[in-house]
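Let's take a relaxed look at how charged side chains pair up in a protein, and at a greasy spot too. Have a scroll through the structure first.

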Amino acid sequence: MTDEGRGGDDDATATADERSFSHNLGKTKESGDSCEGVIVDSISSMLDEILQHILSLMPTRSAIRTSVLSKRWRHVWSGTPSLYFHKDDRPDANSINETLARYKAPKMMSFRILLNKVDDLANMDGWIKFAFSRNVEKLLLYLERDGYNFPEFFYVNSSVKQLSIYSVCSSKMIPECSVAWTSLKKLSLSRCNLSDESIANIVSGCPILGSLILDFCKEVKILDLSRSPRLRTLAIYNDSCTPGPTKIVAPHIHRLRLRTSPLLCDLVDVLSLTEAKLDISYKSQRDKLNADLLHIMVIEMLEKCCQNVEKLTFGESYLKMLSLAELRGVLFPKFIKAKAITLETPISHYVIPGIVRILQNSPELKMLTGIYIDNNLRSHGLNSDQCWSSEAIDLKHFGHLRANAFRL
């Protein structure tokens, strides 16, 4: 029997170490007492609500172990506002079911379950129903096994505010009913099997959705968010093996995180953007052979998404393509409203031309973050004065530019 399945006689089964821990937990000597003075258990005297908040910050298996400390602690864990089952603790379906049967909190703030056993899938419907019955607000499901299809009741809920699903084997999310997640504000889907119709159904059923993350959801081709007026943050992560959306319509988005395949995607109506983070994810050497087309595409993407952006972040691969575009004389757009730029890249001659052009085309730039130039160049046997053009060296004299970890 696992720790979760222990009955009421927890003290009798406690190990010597646990009893020692129980004896010393939270005990402090009163001020002025001698070494043999009175010892006060300051932790056990705390309110249940405080103790339960502390226990909610650890895996449920660890929280349940505190029940052996004393009669005071025996049932404290059962009122914690959060349950967290992690595969590293090796809970089986029976122990999880026993834990849920002993759980007493009427309201659940968070339910996280990260498991990988075959019998977990057979019980998943019941575990989700349990969380829904306690009006859970934050739900995280990590699925490592193939074959789980989300039941119809899963798509109708009024309590969940944050939903995260990570599916190693691309579990299907193809709702056959109308989705109604009326309280959902944050949605993160990773490696889920979604069609264009499915994501449209899901988004339309989330009237107050403010943040959407799609991580390697390869079946989505067209992402139309024009009917989601409250959606402000969008993050898309893909590579050449899971290319993701080829077209994104997002008129209401303010913050965009895009790490896309070399095929990139067409951005439509993104004039509300004020913050953008852009990069390209290469999966094979063959991807890099499309540079002749790619360096044009990255410029076109910039022209569409950066007209009103105030904060820009560029990844290394994106900067390499921008550098190629600069060396080939491609006209860059002006970043007329950019006040802060972050460059997430090691410094080499592959990225310097693109960086120089970005800075020259950012007349309102106030802060530059993320560059460690001198040490990085020297580690490659390069001299900074030889690598930077005269135009870049002139940037030293931009007195208004605040540089964080930036050295020329």
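Is lysine 107 buried, partly exposed or exposed? Lysine 107 counts as partly exposed, at 32% relative accessibility. On this scale, buried means under 20% relative accessible area, exposed means over 50%, and partly exposed is in between (1.4 Å probe, protein chains only).

Before going on, a word on the model. It's a predicted one, where local features need pLDDT of at least 70 and side-chain atom pairs count only at pLDDT 80 or more, while totals for chains, interfaces and linings use all residues. Residues are numbered from 1 along each chain as its sequence is written, and side-chain values use heavy atoms, with hydrogens and water left out.

**Salt bridges**

A salt bridge here is a side-chain nitrogen of Lys or Arg within 4 Å of a carboxyl oxygen of Asp or Glu. By that rule, the count comes to 7 salt bridges. Here are three of them:

| Acidic partner | Basic partner | N to O distance |
|---|---|---|
| Glutamate 137 | Lysine 107 | 3.1 Å |
| Glutamate 316 | Lysine 320 | 3.5 Å |
| Glutamate 326 | Arginine 357 | 3.0 Å |

Take the pair of glutamate 137 and lysine 107, which meet in a salt bridge. Glutamate 137 lies in the loop between helix 6 (118–133) and strand 5 (138–143), and lysine 107 in the loop between helix 5 (93–102) and strand 4 (110–115), so the pair ties together parts that are 30 residues apart in sequence. Helices (H or I, at least four residues) and strands (E, at least two) are DSSP runs, numbered from the N terminus. Glutamate 137, at 18% relative accessibility, counts as buried.

Next come glutamate 316 and lysine 320, both in helix 9 (residues 316–327) and 4 residues apart, about one turn of the helix. Glutamate 316 is partly exposed at 27%, and lysine 320 is partly exposed at 29%.

What about glutamate 326 and arginine 357, whose closest N and O atoms are 3.0 Å apart? Glutamate 326 lies in helix 9 and arginine 357 in helix 10 (residues 352–360), so this pair ties together parts that are 31 residues apart in sequence. Glutamate 326 is partly exposed, with a relative accessible area of 22%, and arginine 357 is partly exposed with 25%.

There's a network as well: salt bridges that share partners join Lys107, Glu137 and Lys161.

**The greasy spot**

Met46, Leu47, Ile50 and Ile54 form a nonpolar patch on the surface, with about 340 Å² of accessible area together. One of them, isoleucine 50, lies in helix 3 (residues 48–55) and is partly exposed at 42%.

Technical notes
Patch = residues over 30% accessible without salt bridge, like charges linked within 9 Å, V, L, I, M, F, W, Y side chains within 5 Å. Areas by Shrake-Rupley, 256 points an atom, 1.4 Å probe, with all protein chains shown as cover.
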